[in-house]
Amino acid sequence: MNNLLIDARDLSRSYRNGREQIAVLRGLSLELQRGEAVAVIGPSGSGKSTLLNLLNGLLGPDSGQLRVFGRDSTQLDDDDWAELRRTRIATLFQDSNLIPTLTVERNIAFRAGLAGLQQHDGDALLQRLGIADTAQRYPDQLSGGQRQRAALACAFVMQPELILADEPTGSLDYDTAQRVAPLFFDAIRERALGALIVTHNPEMAQRCDRILELREGALRPWDSAVSS
Ligand SMILES: Nc1ncnc2c1ncn2[C@@H]1O[C@H](COP(=O)(O)OP(=O)(O)OP(=O)(O)O)[C@@H](O)[C@H]1O
Ligand SMILES: [Mg+2]
């Protein structure tokens, strides 16, 4: 079994805004092992969401090499990436993770179905996340924090091997974040998932095996002494 889930070398990615070209990622490298949780911190606009979307195949790099689950990204077509996102890579986006026309319960069943699972532990996940009472509600009938927890349930129910999370506790109040953080990490650790977690929450970051800072287009080990 290949334990290196992500092997990214020298990735670059820019965006064009009219005539202006913004180089967001410039020579970024990252290795993520199975069972390893890595926090990514960095200021707004530094490219954290861009990085996650390169790793789940929604964006392509301009240059550099990317291997996921040992497979070279140049060998993966759109269908291959879609299959990986259905079954092996869960992404928690900064917003809009849920299908608005489905209740929480049906969102969960849908995600499990996409991953090809006949059975799922969605009810138990909702219970653990403290939102069992929202199962019959639609996403727009939830608070931001409840929505985020429902999105977590959807991500875990598909039994991914890799989770890419963009500020998973971003819209939770302090107390709820304190409660959800251990649950999030329990689920990651129990299943030995690889996790890349963009977070501004020190509690979340400290629970990770490593903290990396995205600065000037590349990842560096975070040194609190330098950054503060
Ligand atoms: N589709 C796009 N077209 C043009 N520019 C973009 C696009 N998406 C992002 N950018 C720009 O790229 C830079 C990085 O954006 P990104 O969303 O990756 O940052 P981030 O680190 O996730 O920020 P935040 O912490 O605010 O979520 C920003 O300057 C942003 O304005
Ligand atoms: Mg972002």
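## Exercises: salt bridges and a ligand shell

At 26% relative accessibility, E203 counts as partly exposed (buried means under 20% relative accessible area, exposed over 50%, partly exposed in between, with a 1.4 Å probe and protein chains only). This is a predicted model, in which local features need pLDDT of at least 70 and side-chain atom pairs count only at pLDDT 80 or more, while totals for chains, interfaces and linings use all residues. Residues are numbered from 1 along each chain as its sequence is written, chains are lettered from A and ligands numbered from 1 in the order in which they are written, and side-chain values use heavy atoms, without hydrogens and water.

**Exercise 1.** Find the salt-bridge partner of E203 and the exposure class of that partner.

*Solution.* Start with the criterion: a side-chain nitrogen of Lys or Arg within 4 Å of a carboxyl oxygen of Asp or Glu. E203 meets it with R207, the closest N and O atoms being 3.3 Å apart. Then check the accessibility: R207 is partly exposed at 32%.

**Exercise 2.** Work out how R86 and E83 are placed relative to each other in helix α2.

*Solution.* First, their side chains form a salt bridge of 2.8 Å, N to O. Next, look at the spacing: because they are 3 residues apart in helix α2 (residues 78–87), about one helical turn separates them. (Helices are DSSP runs of H or I with at least four residues, strands are runs of E with at least two, numbered from the N terminus.) Finally, R86 is partly exposed at 31%, and E83 is partly exposed at 37%.

**Exercise 3.** Trace the salt-bridge network that includes D7.

*Solution.* Begin with D7 and R9, whose closest N and O atoms are 3.0 Å apart. D7 is buried at 13%, whereas R9 is partly exposed at 38%. Now add E31, which is linked with D7 and R9 in the network.

**Exercise 4.** Describe the shell around ligand 1 and its contacts with oxygen atoms of the ligand.

*Solution.* Collect the residues with a heavy atom within 4 Å of the ligand; among them are Y15, N17, K48 and Q94. Sort by element: α1 gives the largest share, 3 residues, and β1 (4–17) also supplies at least two. Then list the distances to ligand oxygen atoms: 2.8 Å from a backbone N or O atom of G45, 3.0 Å from a polar backbone atom of G47, and 2.9 Å from a side-chain N or O atom of S49. Lastly, of the 630 Å² of accessible area that ligand 1 has on its own, the protein covers 64% (Shrake-Rupley method, 1.4 Å probe).

Definitions and conventions
Polar contact = N/O pair within 3.5 Å; in protein donor to acceptor, adjacent residues only side chain to side chain.
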